[in-house]
Amino acid sequence: MKRTLLLSFMMLAVFLAGCEPLLVLDPKGPQAARQASDTWLLIVLMSGIVIIVLVLLIYMLVKFRASKQPEDYEPPHIEGSPVVEGIFIGIPIIIVTFLSFVSVKSNYIVENTPEGYVDQEPLVIYASSSNWKWHFSYPEENIETVNYLYIPTDRALEFKLYSYGPITSFWIPQLGGQKYAMADMVTTLHLAADMPGEYMGRNANFSGKGFAENTFQVTAMSQTQFDEWVQEVHETAEPLTEETFEQLLEPGHLGRMTFTGTHLGFNPPPEHDHGAETVHDEHADHAAEQH
Amino acid sequence: MEFFERFAVPHPSPAIYASMVAIVLVSIAIVVGITYFKKWGYLWREWLTTVDHKKIGIMYLISALLMLFRGGADAIMMRAQLAKPENTLLDAQHYNEIFTTHGVVMIIFMAMPFIFAFMNIVVPLQIGARDVAFPRLNAISFWLFFAGAMLFNISFVVGGSPDAGWTSYFPLAGTDFSQSVGTNYYMIAIQISGIGSLMTGINMITTILNMRAPGMTLMKMPMFTCSSFISCIIILFAFPVLTIALIMCTTDRLFATNFFTSTDGGMDMLWANLFWIWGHPEVYILILPAFGIYSEVISTFSQRNLYGYKSMVGSMVIISLLSFFVWTHHFFTMGQGALTNSIFSITTMAIAVPTGVKIFNWLLTMYKGKIRFTVPMLYAVGFIPLFTVGGVTGVMLAMSAADYQYHNTMFLVAHFHNTIIPGVVFAMLAGLTYYWPKMFGFMLNERIGKWGFWFLTIGFCLAFFPMYITGLDGQARRMYTYSESTGFGPLNMLSFIGAGLMAIAFIIIVYNVLYSIKNSPRNVGDEPWNARSLEWATHNPVPEYNFARTPHVASSEAFWDAKKKGHELFKGEIEKIHMPNNSGVPFIMGIIFFICGFSFVFALWIPVVVSLIGIFACMTLRSFEKDDGRYISADEVKATEAKFGGAKS
Amino acid sequence: MNVKNAQPLEYSTHQNQLNILGFWIFLGAEIMLFATLFTTYFVMEHRTGNGPTGAEIFEITPVLIETFVLLTSSFTIGLGVHAMRIGRKNAMLAFFGITLLLGLGFLCVEIYEFVHYYHVGATYQTSGFTAALLTTLGTHGAHVTLGLFWGLFIMIQVAKRGITAQTANKSFIFSLYWHFLDVVWIFIFSFIYLKGMM
């Protein structure tokens, strides 16, 4: 079993070091970078703990196994010692305290506009899920897409998440961690992309039959390209009507779709907001004004 | 016909038809077999009506093993489906049903009865009691659990299984998105067995508080009893939350109320909160008795007293308190904001400290010991590093910001299997082997047992370690398929091979039981393991009255004291012993609860009302009944003791 | 098991002591049960959807009657247990009878209250708020109903068998249950009705 463990750790190391980097450890945005560095810190620290326990265990098993002791050896009665117990209470407390500081700091980082983008106006995108699709509304650009997401690089992104149906979870691993989209409130996720590219996005929370295929493609591009794309959509795409949107909400899978206009006007997001009411209202108003 | 259509399975498949046939055939075989061997009377007198804690424990054990195989079959199907990309072994609906039932069966109907089995068998013996405080309530608890388990299992062939995940998050589990009766089964089966669990908790707390042998103070209890006691206190405070949450779900689904709906003021997150306020303590309900078994096993086979008894108890108390203040970590991603997440992140990580204390205490128990590698000890030794891996990945998940990347992925799946399998399942198998002679009077074969251990451990590592990697690579949990381009294929195949090895391990374990029944020598004696605590101070198997004379205790290792330090355990003459009478009422109540639950699932209100009246009639009957129990005469006790090779001194 | 005679009858055997201890522990679980209901209610309090709010449907008169009746019944059952301890069977039965009648009265007013809610459009299905309200009240009411039958059976047993160690034990445990329901009602009264009407 020890061999298996060692083998597994070696395998882990090989996988982490070699071939394709794992998505979570291959960040393309500041939030994901923070989470990846936290993950590395944790992997190293936690491996250390596992190794210490393993070494102690092997030492005990090798040193004190019955076959090595004389036949008449009687193990002593040992009560707990405050010093020894103090040490192995104290060291975990130090580790946990250290990690608590890291955790709190990371929380405030991932829950706010990404570092370095604070003075910019973020791009607001409403991402709503329905069985088993994602609808992305760009209120400022006044366009809406289904199952694909175009984003400009080097700009803060503020996702407003909600769901027409079961709880889903909006997740683009290479840009940052996930957050739930729910039916009766709006949640906010702050992301940003540092470099152009194609990224995998999906619903990570089980939502029924079509869950496995509930994915979307994210394309990050420069702001100029993004503006061109917006322009192109306005020239070519059909407007989104209330009837069309109702049809889109029917359970099922759809390919990529593009519309001008958004559903925010005739089918507004839930009123209830977790925490940031003012922010959300402001954008809702903003969205309404567009119509 | 319309009436019967509701009982049809909405998504039939060859597998379901095959299991229907199998269930019918097995039932017929059992009935015919019992009739042929004229065992109905024996079954009724000795098992169905029993109130003996040891027999109830054995029934829990058998049920748990059966459920282990049911849940295990689900697991194998899941791993087989995911073994290669775009596999078509199962469709989405079946996969969803299977992972839902796998979760529920393993937690509620396998792990819970497994720990109840050992609580029932061992706790009264460890405290020197004749039975639990309320023997008949104990039987009712068992039959309620059993009724719930059976109800849940027939969902597969009657009406359709639940398919909204074992967490049954709303609105997915609401009538809008889960129209079949599957989720009704979930609500009602768990409700029924949950009531049983709650009553077991009350029963055990009363037993441990008020029926300990003279001299056994609370801090001189053997570690398994102590851990069971704390675990039962968690049951007492956690299960009522589940009861209420399930009532609200049931009314939402059957009476169209608006607790968890998306309209009319309903709040879907409330279910998630209530579920995890029960759900998180629940995992400690499972793990604490497992820790207790490891403590017994490690100390026995290191031939050393348990290191740091006080810090062991203290750490369990702290774990039990903290367990109620961490539930939000199951949904850090729900958007509570940085402050709430930070608080729950810290409380969650804090649990690592008392858990770490326990790991180090076990390691130091081996220090200067004389370690014998028996099967129970192998499981305990395997548990320490594997559970540490599970524990430290738990710390990773507790880092809320980073958890945004691990949540809902295979990383999480790997983590909780990494704690529950080495933590609970290994402990149960260790306990099974360790207490087997106590229950049946013969040993399980050590050589075959060791094969089982190695297959299980290697299979476990192969099955679950790859999931950490695919999780970090973006494989979400509960996906029934994935495309080849994701690159998850090879590692999932590895998982499947590991799961196969685990299945072989469980077959070896069952083979070992059968082999040992046939070949193991019966005169195992009273002391097969050179053990230390009080439960070993009586005969194997244990006579129905447990101890001919009440033991007197001076430490947590009373039996060791008696062997090595000349402590006098049993004083005075053998007297007549008061025992409770058997009763058929608990079994009948179990059946009525089953009928009531089944009718509830299908909203058949007339049988619901009739069976509810039946339940109250049973309770009324009990209220009016005069039952003072019976006495086993001193002569009879002496005769039994003589048969076992003389009374214990 | 031998226990000192100084203890009251209901504690006089080991099994009796176990029963009382076990029941106290059971009440611990009941506290958790109602705590969950209250938590749910507080979460749902303002989630009224299209339905009425608490202030719109609560009526003070029936609530005051219910409170008065139930508090009195808690007092009379205390008198009943006292009568039991001094061995006066008839007085005990009388006080238990009054208690159960008061309980029945409470239940009648509560049923009236529920009918009233139905008529003003606050049904079980109306909103999250009404569901939480009616479940909380209903769970308490179901406990009272169960208590009525249980109390009645105990009275029959006391009448037939007299005050023995066993019947005394049962009566005492029943009184604990009844007091507990009263305490729960005080919380319902303060945190649901008064808070809702203010």
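Two residues are taken to be in contact if their C-beta atoms, placed from the backbone, lie within 7 Å. By this criterion, and in a model that is predicted, Asn16(C) touches Glu10(C), Tyr11(C), Ala165(C) and Asn169(C), residues up to four places away in sequence being left out of the count. Asn16(C) belongs to helix α1 of chain C. One of its partners, Asn169(C), lies 153 residues away along the chain, yet the C-alpha atoms of Asn16(C) and Asn169(C) are separated by 6.1 Å. A residue is buried if 20 or more other C-beta atoms lie within 10 Å of its own; Asn16(C) has 23 such neighbours and therefore counts as buried.

Helix α1 of chain C also contributes to the contact between chains C and B. In this interface, 29 residues of chain C are in contact with 31 residues of chain B. On the side of chain C that touches chain B, α1 (14-44) and α5 (128-161) of chain C each supply at least two residues. The largest share of that side, 15 residues, comes from α1(C). By class, the residues of chain C on this side comprise 14 nonpolar, 14 polar and one charged.

With regard to the assembly as a whole, two pairs of chains are in contact, and chains A and B share the most contacts of the two. Chain A and chain C, by contrast, do not touch, and their nearest C-alpha atoms are 11 Å apart.

Within chain B, the packing of two helices was examined. Packed helices are described by the angle between their axes and the distance between the axes. The axes of helix α9 (residues 268-302) of chain B and helix α12 (residues 352-366) of chain B come within 9 Å and cross at roughly 15°. Angles under 35 degrees count as roughly parallel, and α9(B) and α12(B) are therefore roughly parallel to each other. The crossing of α9(B) past α12(B) is right-handed. From α9(B), the contact involves Phe291(B), Tyr294(B), Ile298(B), Ser299(B) and Ser302(B), while α12(B) provides Lys358(B), Trp362(B), Thr365(B) and Met366(B). The contact of α9(B) with α12(B) has five nonpolar, three polar and one charged residues.

Chain A contains six helices and 12 strands. Of its 291 residues, 43% count as buried. Among contacts in chain A between residues at least 6 apart in sequence, 71% join residues at least 24 apart.

Five of the strands of chain A form an open sheet with mixed pairing, in the order β4-β10-β9-β6-β7. Strands β4 (148-152) and β7 (176-181) of chain A lie at the edges, each pairing on one side only. From one strand to the next, the twist averages 20°. Helix α4 (residues 223-236) of chain A packs on the sheet, where it touches β4 and β10 (215-221) of chain A. The direction of α4(A) makes about 135° with that of β4(A). Elsewhere in the sheet, strand β6 (residues 168-172) of chain A and strand β9 (residues 197-203) of chain A run antiparallel and are joined by two bridges. Phe170(A) has Asn203(A), in β9(A), as its bridge partner.

Terms used. Residues are numbered from 1 along each chain as its sequence is written. Chains are lettered from A and ligands numbered from 1 in the order in which they are written. This is a predicted model: local features need pLDDT of at least 70, side-chain atom pairs count only at pLDDT 80 or more; totals for chains, interfaces and linings use all residues. Two strands pair if DSSP finds at least two bridges between them. Helices (H or I, at least four residues) and strands (E, at least two) are DSSP runs, numbered from the N terminus. Axes are lines fitted to C-alpha atoms, for helices over the stretch in contact, and angles run from 0 to 180 degrees between N-to-C directions. Ala, Val, Leu, Ile, Met, Phe, Trp, Tyr, Cys and Pro count as nonpolar, Asp, Glu, Lys and Arg as charged, and the others, Gly among them, as polar. Angles under 35 degrees count as roughly parallel, over 145 as roughly antiparallel, 65 to 115 as roughly perpendicular and the rest as oblique. A crossing is left-handed if the near helix is turned anticlockwise from the far one by less than a right angle, and right-handed if clockwise. A residue is buried if 20 or more other C-beta atoms lie within 10 Å of its own, exposed if 12 or fewer, and partly exposed in between; C-beta atoms are placed from the backbone.
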